[in-house]
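Me: Please take a close look at a single strand in this model and describe how it is paired and how far it is covered. A plain account will do.

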Amino acid sequence: MSNANRFFGFLVGAYIKKVGPMTRVSPEFGDEVQAVWTLSADVSFQSNQFPKYKLGPDNEILEEIKEDNKGPPLKEVVIRETNQLTEQHKRLSVRDLASKFDKNLAAAAKLSEEAKLKEVASLDGHVLLKKLRDALECLKGRLAGRNKEDVEKAISMVEALAVKLTQKEGELIQEKFEVKKLVNFLKQASEDAKKLVNQEKSFACAEIESARSVVQRIGEALEEQERNQNPGMQQELEELIEEVQEARRIRLMHQPRKVVDMESELRELRLQIREKCTISLNLQNELARSMKAEENMYRLYELSGSETLGSILRIQPCSDKAVELAKCSIQWYRLSSQCSRREAILGANKCVYAPEPIDIGRVLQADITSNGLKVTLTTDGPIKQASDLGSYLEALLRKPNNDFSVVISQMNGRNYSSHSVHLFHIGKTRIKLSRGWITKARESYSRSMQLCGFRGGGNSAAKSLFWQARKGQSFVLVFESERERNGALTLARKYASDCNFMLAGPDDDALL
């Protein structure tokens, strides 16, 4: 290779040692590179830093020394840190946020210092390139022929390096501007965080002082109350405490047997009082029956049967002058709790009536009309609940669904010929009547549904109920016992009430 090429290789090596990775140049030059006489500003290179070469004999380029990228660019690091701060801003406390901003502010200051060092290195690169170009121009005037062409190629490459260095300076200026902007932002954020810390600290101190003052005032008030307390009351309280302690000491230590004897005497007295109450109640009932018997001597009809849920009330003639009940008009009534008004029981026009759960706590009356003469019979007291109905209802409510065995007595007002057993299912949302796989009726609770005790009389009235599933479809069902019938009525009305519906008989809505 000529002396010009050796000199050019020496200058390029010196520049690489001086500038380092601040500039970029294409490594593919030599005999295979065509002459570049003009160079545009949009020239691109394959690497982001100035290439390094290994020179062989006669300064020939053997291979490119590749270096691993030690880390991401500085700009990407700054952007990533900013994004992480933005995401974690809501999760950090005020004090942690202030500490984080201080750390990033120091990092931004360090980045600013590094940018200044790069700017100085860039200025040195311009100076070195200018000297290199001047030296090549001077050398060009002294050479001729092929050596002159090599020098011209070298000058073109130096000019390309100068253009690329200018582009790199632009990027450095933009990066410096962003770093300054980030520094200002972090300074402002750090000041705001410190203000928040001081503000919260002042609020906390104020609340602590307020709490201390409140506690102090309460303590002073308690001390004042203790000072103003009446000495006489304190003495009485102390004497009472001493008496209680003495009584406890006597009971537990000296006379435990006496206390046991007193408790047994009290137990016997309670039993005697209970027996006396029972005897007194029986005497009152006998007196009431005797008075009723005297009154019935002048009456034509009387009511028989227990006034308890599950029993049957019957109208019976008690005089030879009484007209046969088949020729009389009968109507049963319910009296309110104050006996101020009475309400007719729709459909109860027979001489037999079985009270249902809606009648509990109410007095019943029956009007008997014949030949213009009306006789009114009244129960001695309100209808009472059966003793075993409460526990039976609790057992039913513990089950999610309840099935009762029934026999259909009437369907749609007509007698039902079959006496087969059906299942009457009462659920939380609907009622179903079925026999095996065959469903007679299945309806959800609604305003059109009616359910009440059967009011048509008969010996099985206490075990029968009337169910209207919907308009045009009704049943009279006979249960196995009076308790099952009353339990089914109460359970169905409770579930219907949970569904915001009132389930009763005809014209019974007002009573619910």
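The reply below deals with one strand and its partners.

Reply: The model is a predicted one, and the part chosen here is strand β17, which covers residues 473-479. Seven of the seven residues of β17 are buried, so the strand counts as mostly covered, with buried taken as under 20% relative accessible area. In a regular strand the side chains alternate between the two faces of the sheet. In β17, Gln 473, Phe 475, Leu 477 and Phe 479 point one way, while Ser 474, Val 476 and Val 478 point the other way. Both sets are buried.

Strand β17 is paired with β16 and with β10. Strand β16, residues 464-470, runs antiparallel to β17, and six bridges join the two. Within this pairing, Leu 465 is opposite Leu 477 of β17. The hairpin of β16 and β17 has two residues between the strands, and in this hairpin Gly 472 has a positive phi near 95°.

The pairing with strand β10, residues 402-411, is antiparallel as well and is made of five bridges. Here Met 411 is opposite Phe 475 of β17. Phe 475 belongs to the set that also holds Gln 473, Leu 477 and Phe 479, and Leu 477 is the residue facing Leu 465 in the pairing with β16. The residues named opposite Met 411 and Leu 465 thus sit in one set of β17, pointing one way from the strand, and both are buried, as under 20% relative accessible area requires.

Definitions and conventions
Residues are numbered from 1 along each chain as its sequence is written. This is a predicted model: local features need pLDDT of at least 70, side-chain atom pairs count only at pLDDT 80 or more; totals for chains, interfaces and linings use all residues. Side-chain values use heavy atoms; hydrogens and water are left out. Buried means under 20% relative accessible area, exposed over 50%, partly exposed in between (1.4 Å probe, protein chains only). Helices (H or I, at least four residues) and strands (E, at least two) are DSSP runs, numbered from the N terminus. Two strands pair if DSSP finds at least two bridges between them.
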